[in-house]
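Please open the model in your viewer and keep the sequence panel beside it, since each stop on this tour begins with a selection.

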Amino acid sequence: MGKIIAIVNQKGGVGKTTTSINLAASLGVLNKKVLLVDLDPQGNATTGVGVDKGDIASSIYEVLVMKSTIDESIIKTKSKNLSLLPAYLNLAGAEMELIELERKFKSIDKPFNRVLRLKEELDKIKNNYEYIIIDCPPSLGILTTNALAAADSVLIPVQCEYFALEGIMQLINTIMLAQKKVNPNLDIEGVLLTMLTANTNLGLEVIESIKSFFKERVYNTIIPRLIRLAEAPSHGKPILEYEPRSKGTLAYLNLAKEVIERNGTKEESIG
Ligand SMILES: Nc1ncnc2c1ncn2[C@@H]1O[C@H](COP(=O)(O)OP(=O)(O)O)[C@@H](O)[C@H]1O
Ligand SMILES: [Mg+2]
């Protein structure tokens, strides 16, 4: 059964989308069947894997508001083992529509929970993949709440900067609330340090403070700040296709290996 990992941090610009694209593509290259779910109305994960917004017949928005099925909305990307459930600007209207749908269902006495829409849909296709990676928007609104309800775990990218831990308590509280209300088994998959500028004392200080907070949940892999990683999305390619021999490719492959290893160990300890 597929493991659903939500990439979450309500701060914008911390590397959620870059990590979603490149972790998903790296898992694919390591022979895992992967679905990347773009849950951000900006649709940057969609364009980042080479899918043109004009070519999207049906997106996650239509799936959430029950205008089309998840099967007909998932598309294959050019990357190995990587499929995509795309997003488009219309996703920004999902919250209002979901409230409206809930009202309609109530009026005819049918059950409907707007927080569980993504979970209900992903449950239908979960068995077709080994990993499902959800790129969340930079807020803790209804879309992120849907991701927290649907996910097995959350991966938190944290930018190596002075205010890195700002907002983290609010995020932890939101995760705990999701555990209490809708998803008791929701786990923290790991914490990823991103955009480290080489050879700065500030970077090292930030790493220390994040490690003392999150302890062993912090991945050994740290993503360096690299121009190539910022350039790749405008070419519609994950880093391992845009610049196969770059440090960015190596970093995200190492992250994917750590993710696989952590999950392998868990399965063994259960069995
Ligand atoms: N490791 C990195 N090195 C250099 N630029 C990066 C790196 N990771 C992300 N970026 C750039 O920083 C910006 C924010 O990253 P993004 O992944 O879109 O963050 P988020 O999804 O959290 O808003 C983007 O322009 C992206 O290209
Ligand atoms: Mg993003």
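The tour below goes from a pair of helices to salt bridges, then to a strand residue and some loop positions.

**Before selecting**

This is a predicted model, in which local features need pLDDT of at least 70 and side-chain atom pairs count only at pLDDT 80 or more, whereas totals for chains, interfaces and linings use all residues. Residues are numbered from 1 along each chain as its sequence is written, chains are lettered from A and ligands numbered from 1 in the order in which they are written, and side-chain values use heavy atoms, with hydrogens and water left out.

**Stop 1: helices α6 and α7**

Select residues 117-125, which form helix α6, together with residues 142-150, which form helix α7; helices here are DSSP runs (H or I, at least four residues), strands are runs of E of at least two residues, and both are numbered from the N terminus. Two packed helices are described by the angle between their axes and the distance between the axes. For α6 and α7, the axes come within 7 Å and cross at roughly 45°, where an axis is a line fitted to C-alpha atoms, for helices over the stretch in contact, and angles run from 0 to 180 degrees between N-to-C directions. The two helices are therefore oblique to each other, a class left over once angles under 35 degrees are called roughly parallel, over 145 roughly antiparallel and 65 to 115 roughly perpendicular. The crossing of α6 past α7 is right-handed, that is, the near helix is turned clockwise from the far one by less than a right angle.

Now show side chains at the contact (heavy atoms within 4.5 Å): α6 contributes Arg117, Leu118, Lys119 and Leu122, and α7 contributes Asn146, Ala147, Ala149 and Ala150. These contact residues of α6 and α7 divide into 5 nonpolar, 1 polar and 2 charged, with Ala, Val, Leu, Ile, Met, Phe, Trp, Tyr, Cys and Pro counted as nonpolar, Asp, Glu, Lys and Arg as charged, and the others, Gly among them, as polar.

How many of the 9 residues of α7 are buried? The number is 8, so that α7 is mostly covered; buried means under 20% relative accessible area, exposed over 50%, and partly exposed in between (1.4 Å probe, protein chains only). Among these buried residues are Ile142, Leu143, Thr144 and Leu148.

**Stop 2: salt bridges**

The structure holds 13 salt bridges, each defined as a side-chain nitrogen of Lys or Arg within 4 Å of a carboxyl oxygen of Asp or Glu. Stay on α6 and select Glu121 and Arg117, whose side chains meet in a salt bridge at 2.6 Å, N to O. Both residues lie in helix α6, 4 residues apart, about one turn of the helix. Glu121 is buried at 5% relative accessible area, and Arg117 is buried at 2%. Extend the selection to Glu120 and Lys124, since a network of salt bridges links Arg117, Glu120, Glu121 and Lys124.

Next select Glu102 and Arg114, which form a salt bridge at 2.9 Å, N to O. Glu102 lies in helix α5 and Arg114 in the loop between α5 and α6, so the pair ties together parts that are 12 residues apart in sequence. Glu102 is buried at 13% relative accessible area, whereas Arg114 is partly exposed at 26%.

Then move to helix α10 (residues 227-231), where Glu231 and Arg228 lie 3 residues apart, about one turn of the helix. The closest N and O atoms of their salt bridge are 2.8 Å apart. Glu231 is partly exposed at 24% relative accessibility, and Arg228 is partly exposed at 36%.

**Stop 3: Gln159**

Select Gln159 in strand β6 (residues 153-159), a residue that counts as buried at 14% relative accessibility. Leaving aside residues up to four places away in sequence, Gln159 touches Gly13, Val14, Ala164, Thr194, Met195, Val206 and Arg225.

**Stop 4: loop positions**

Which phi does Asn81 have, positive or negative? Asn81 has a positive phi of about 60° although it is not a glycine; it sits in the loop between β3 (75-76) and β4 (82-85), and is partly exposed at 29% relative accessible area. Asp109 likewise has a positive phi of about 60° without being a glycine; its place is in the loop between α5 (94-107) and α6, where Asp109 counts as exposed at 74% relative accessibility.

Finish at Gly54, in the loop between α2 (44-48) and α3 (60-64), which counts as exposed at 69% relative accessibility. Add Tyr88 to the selection: Gly54 and Tyr88 are 34 residues apart in sequence and 9.6 Å apart in space, C-alpha to C-alpha.
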